[in-house]
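Please open the model in a viewer and keep the selection tool at hand. The tour below proceeds from one selection to the next and states what is to be found at each stop.

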Amino acid sequence: MKDWWQLNFPNGRQSLTITDANGYPVKIAYGEVGIGKPLFLLHGIGSWSYNWRNSIKPLSKYFRVICFDAKGYGFSEKPVSRRESEGHQVIEFARIIQALANEPVVILAESLGALTALALAQEKADLIARLTVINVPIFANKLPHWGMSLLSQTPLELIQTIDTLRLSYLFAPLVREVMAIERRSVLYDPSSLTAEDVYWITYPYIEFSGTLTKVAEELKIATQEIESAQKNQPNWLSKIQLNLSKIHTPTLIMWGKHDTWFPASDGEKLHKHIPNSRLQIINECGHDASSGASLAINTNVLNFLKDTQFV
């Protein structure tokens with residue numbers, strides 16, 4: 001299989017070292033293509049840059065597209081010996097933007113990445129010129145999938161042992177099959193998932209020790225946030241919800257009409273909370289919108305940027 005990074009970016013996979021939220025240096029994998037104003041693509045939980053495979057080239061005709069793997073995901077470093085805290089993604093995303101861009105940027109983010117982007121728009125509005133988000137878990141009241149719940153409840157030490165023993169590598173065919181089933185469940189058209197897609201989506205889990213551990217850790221944090229919100233205890237998620245009206249960056253909210261994880265009504269609610277926003281419901285689209293509805297997403301983003309005098 002050819003190197004995906006090399007096929008999509010002139011300089012292939014590049015590496016950037018930032019200081020993470022814990023104060024340690026961490027290597028971030030990224031690729032960039034195109035010229036013009038910077039547009040950052042941010043994936044959701046359990047994913048990596050490959051999810052944007054159908055948006056990179058089309059958007060690079062108009063922008064300098066920068067696609068990166070968040071810490072712990074894809075080809076980026078996975079510091080399994082250090083525990084994370086809620087909101088670390090926001091600090092790290094800001095530092096990635098500051099390292100790679102010298103002007104306010106466009107953000108296109110999905111799921112957990114979109115939640116991170118909303119928080120960044122509240123805390124570092126000067127970094128963002130336009131914000132586009134997809135299927136945001138902003139009003140989540142539980143983890144949307146039983147597998148996520150199971151992983152979040154499993155002791156992290158056990159998961160780390162599985163990672164260290166490279167069991168996912170030993171059982172690669174099974175890992176690919178299980179992941180394929182799960183990915184098809186969040187696509188409007190399950191048949192659109194190819195064997196090549198499955199290979200690359202599962203690649204970090206099979207090839208890089210620490211991937212499963214970091215995903216499990218993020219799920220544990222998400223569970224704690226949701227539980228704290230339900231108990232009216234201080235938490236990061238509620239803080240973002242309470243400050244949505246303070247986002248004044250022009251914002252496009254996109255939502256899959258058939259998202260079975262977070263309903264389109266959440267998109268309507270989010271739209272009402274963000275003053276300078278518009279809502280676009282995408283027909284024939286599930287939760288995995290970046291893979292399953294890329295044409296609609298690319299079109300919506302470009303139209304939004306033209307309408308708001310950014311292109």
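Select Thr223 first: apart from neighbours within four places in sequence, Thr223 is in contact with Leu143 and Ser152, contact meaning heavy atoms within 4.5 Å. The model is predicted, so local features need pLDDT of at least 70 and side-chain atom pairs count only at pLDDT 80 or more, whereas totals for chains, interfaces and linings use all residues. Residues are numbered from 1 along each chain as its sequence is written, and side-chain values use heavy atoms, with hydrogens and water left out.

Thr223 belongs to helix α10 (residues 211-230). Helices (H or I, at least four residues) and strands (E, at least two) are DSSP runs, numbered from the N terminus. With a relative accessible area of 19%, Thr223 is buried; buried means under 20% relative accessible area, exposed over 50%, and partly exposed in between (1.4 Å probe, protein chains only).

**The sheet**

Next, display the strands. An open sheet of 8 strands appears in the order β1-β2-β4-β3-β5-β6-β7-β8, and its pairing is mixed. Two strands pair if DSSP finds at least two bridges between them. At the edges are β1 (14-19) and β8 (277-282), each of which pairs on one side only. On average, neighbouring strands of this sheet are turned by 25° against each other, direction ignored; axes are lines fitted to C-alpha atoms, for helices over the stretch in contact, and angles run from 0 to 180 degrees between N-to-C directions.

Begin at the β1 edge. Strand β1 is joined to β2 (residues 25-33) by 6 bridges, and the two run antiparallel. Centre on Ile18 to find Val26 of β2 opposite.

Move on to β4 (residues 64-68). Which residues are buried on each side of β4? Arg64, Ile66 and Phe68 are buried on one side, and Val65 and Cys67 on the other, so both faces are covered. In total, 5 of the 5 residues of β4 are buried. The pairing of β4 with β2 is antiparallel, over 4 bridges, and Gly31 has Cys67 as its bridge partner in β4. With β3, strand β4 pairs in the parallel sense, also over 4 bridges; here Pro38 has Arg64 as its bridge partner.

**Helices on the sheet**

Select α4 (residues 112-123). This helix packs on the sheet and touches β3 (38-42), β5 (105-110) and β6 (128-134), its direction making about 150° with that of β6.

Now select α14 (residues 294-307), which lies across β5, β6, β7 (251-256) and β8 and runs at about 160° to β7. A distance check between the end C-alpha atoms of α14 gives 20 Å, which agrees with the 20 Å that its 14 residues should span at 1.5 Å a residue; the expected span is 1.5 Å times one less than the number of residues. Colour by burial to see that Ser294, Ile297, Asn298, Asn300, Val301, Leu302, Phe304 and Leu305 are buried. The cover over the buried residues of α14 includes α2 (56-60), β5, β6, β7, β8 and α13 (289-292).

**Positive phi values**

Most residues other than glycine have a negative phi. Go to Gln309, just after α14, where phi is positive at about 55°. Then select Ser111, in the loop between β5 and α4. Ser111 is not a glycine, yet its phi is positive, about 55°. Is Ser111 buried or exposed? At 8% relative accessibility, Ser111 counts as buried.

The next selection is Asn232, in the loop between α10 and α11 (236-242). Its phi is near 60°, again positive in a residue other than glycine. Asn232 is exposed, with a relative accessible area of 72%.

**The whole chain**

Finally, zoom out. The protein chain contains 14 helices and 8 strands, and its C-alpha trace spans about 50 × 50 × 40 Å along the principal axes. The radius of gyration is 18 Å, in agreement with the value near 19 Å for a compact globule of 311 residues; it is taken over C-alpha atoms, and the globule rule is 2.2 Å times the number of residues to the power 0.38. Of the 311 residues, 57% are buried. Among contacts between residues at least 6 apart in sequence, 76% join residues at least 24 apart.
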